[in-house]
Amino acid sequence: MTTATEPAAPRDALGLLRDREKVAERLLRASARHSFDPDTELDWDAPHEPDKWFWPPELVSLYDTPMWRRMSEEQRMLLSRHEAAALASLGIWFEIILIQLLTRHIYDKSPTSAHVRYALTEIADECRHSKMFARLIEKGGTPAYPVSRLHQNLGRFFKTCSTTPGSFTATLLGEEVLDWMQRLTFPDERVQPLVRGVTRIHVVEEARHVRYAREELRRQMVRASRWEKELTRVGSGEFARLFSLAFVNPRVYTDVGLDRRAAVAQVRASGHRREVMRGGARKLTEFLDDVGVLRGVGRTLWQSSGLL
């Protein structure tokens, strides 16, 4: 006489993988409790407060460089205003890519599943975030800062051709570094109230997006074929290199009256800036290492990006 046994639940280096539907149901409940409408939640008509930053000074790219030390306080604050606009512009570009990646992910999945319903909820979140960032740029009185033509075309290729684990790895890269910076921004009373309000909303809602992407990437890396894992490793490393270059738009330096070439050189040589970027990516790289993404050539590319 034989007895049937249940198949072992899938595991990775972090332990048992959580049931996809249960994760999604929990995230849907959290979304119902803690979602925001930026148009009504924030006071868009209030004037900016004098002598307040638009981004914490320690997170401004030129902080603690020779050029920074020569700048007036007014010019430093102006640079923070333009860098906040550049980061909001980068966020819009990335979230439009993410919306398309999520749409691809759920295209052939059951529309009644909690997993798909949460993906649609996240897409709605990202639409609101993109509109919120665009409104913040307009309120700040700066231009928008689109990514370079090269990055625009690479993004177009990636969102069309990436594998599922590659998509979720890139999602986490785009979300977690900026999220780390925003967690330092929204409680900082030196920063403009509107900027703090925008970052607070984004941090609360983005926490759910990160959980969804982490759980799905774990699941994908356990089940992916060998070639797909290798492609994810190399592709994520190259995406990390491109992302680190796109994180500050060099046009901001020209727009505040600085020598663009000299400013870029000083940012690249800045030990403080390297620590900021590595600090922002530390939790992510530890997670990616645990789930098997940071291996071989991919790890080398991540190291060359300055994020590892």
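**Figure 1. Leu62 and the residues around it.** In this predicted model, Leu62 touches a mixed crowd: Met67, Trp68, Met71, Leu79, Tyr253, Leu258, Ala263, Gln266 and Val267, leaving aside residues up to four places away in sequence. Zoom out a little and you reach the largest nonpolar core, which has 86 residues. Leu62 is one of the five that touch the most other members, along with Leu173, Leu217, Phe247 and Tyr253. Helix H4 (residues 73-106) gives this core its largest share, 17 residues. Tyr253 turns up twice here, as a contact of Leu62 and as another of those five core residues.

**Figure 2. How confident the prediction is along the chain.** Taken over the protein chain, the mean pLDDT is 91, and 96% of the residues reach 70 or more. Which element has the lowest mean pLDDT, and which the highest? Strand S1 (residues 11-12) sits at the bottom with 67, while helix H3 (residues 66-70) tops the list with 97. Then there is the stretch of residues 1-6, where pLDDT is below 50. Beyond near neighbours in sequence, that stretch has 0 contacts in the model. Where pLDDT is low, the predicted coordinates should not be read in detail.

**Figure 3. Helix H9 and its neighbours.** Helix H9 covers residues 226-246, which makes 21 residues. From first C-alpha to last, H9 reaches 30 Å, close to the 30 Å expected at 1.5 Å a residue. Which residues of H9 are buried? They are Glu228, Thr232, Arg233, Ser236, Gly237, Phe239, Ala240, Leu242, Phe243 and Ala246. These buried residues pack against a whole set of helices: H4, H6 (149-161), H7 (164-185), H8 (193-223) and H13 (296-305).

**Figure 4. Helix H7, from its start to its end.** H7 is one of the helices that the buried residues of H9 pack against. H7 has 22 residues and spans 32 Å between its first and last C-alpha, close to the 32 Å expected at 1.5 Å a residue. Is H7 mostly covered or mostly open? Mostly covered: 18 of its 22 residues are buried. Look at the start of H7 and you'll find a side-chain oxygen of Thr163 reaching to within 3.2 Å of the backbone nitrogen of Gly166.

**Figure 5. Met221 and its surroundings.** Met221 belongs to helix H8. Its relative accessible area is 5%, so Met221 counts as buried, the limit being under 20%. Not counting residues up to four places away in sequence, Met221 touches Pro165, Lys229, Thr232, Arg233, Val291, Gly292 and Val293. Two of these contacts, Thr232 and Arg233, are also among the buried residues of H9. Gly166, from the start of H7, can be placed too: Met221 and Gly166 are 55 residues apart in sequence, yet 9.7 Å apart in space, C-alpha to C-alpha.

**Figure 6. Two salt bridges, Asp64 with Arg69 and Arg76 with Glu73.** The structure holds 24 salt bridges, and this view picks out a pair of them. Asp64 bridges to Arg69, with the closest N and O atoms 3.2 Å apart. Asp64 is partly exposed at 45% relative accessibility, whereas Arg69 is exposed at 51%. Arg76 bridges to Glu73, where the closest N and O atoms are 3.3 Å apart. Arg76 and Glu73 both lie in helix H4, 3 residues apart, about one turn of the helix. Arg76 is buried at 16% relative accessibility, but Glu73 is partly exposed at 41%.

**Figure 7. A salt bridge between H5 and H8, and a network.** The side chains of Asp125 and Arg208 meet in a salt bridge, 3.8 Å from N to O. This pair links distant parts of the chain: Asp125 comes from helix H5 and Arg208 from helix H8, 83 residues apart. Both Asp125 and Arg208 are buried. There is also a network to look for: salt bridges with shared partners join Arg18, Arg211, Glu215 and Arg218.

**Figure 8. Ser130 and its contact with Glu95.** Ser130 sits in helix H5 (residues 114-140). Is Ser130 buried or exposed? Ser130 is buried, because its relative accessible area is 11% and the limit is under 20%. Leaving out residues up to four places away in sequence, Ser130 touches Ile92 and Glu95. With Glu95 there is a polar contact as well, side chain to side chain, at 3.3 Å.

Definitions and conventions:
Residues are numbered from 1 along each chain as its sequence is written. This is a predicted model: local features need pLDDT of at least 70, side-chain atom pairs count only at pLDDT 80 or more; totals for chains, interfaces and linings use all residues. Side-chain values use heavy atoms; hydrogens and water are left out. Helices (H or I, at least four residues) and strands (E, at least two) are DSSP runs, numbered from the N terminus. Buried means under 20% relative accessible area, exposed over 50%, partly exposed in between (1.4 Å probe, protein chains only). A polar contact is a pair of N or O atoms within 3.5 Å; within protein, one must be able to donate a hydrogen and the other to accept it, and residues adjacent in sequence count only if both atoms are side-chain atoms. Contact means heavy atoms within 4.5 Å. A nonpolar core is a set of buried Ala, Val, Leu, Ile, Met, Phe, Trp, Tyr and Cys residues joined through side-chain atoms within 4.5 Å. pLDDT is the predictor's confidence in each residue, from 0 to 100. The expected span of a helix is 1.5 Å times one less than its number of residues. A salt bridge is a side-chain nitrogen of Lys or Arg within 4 Å of a carboxyl oxygen of Asp or Glu.
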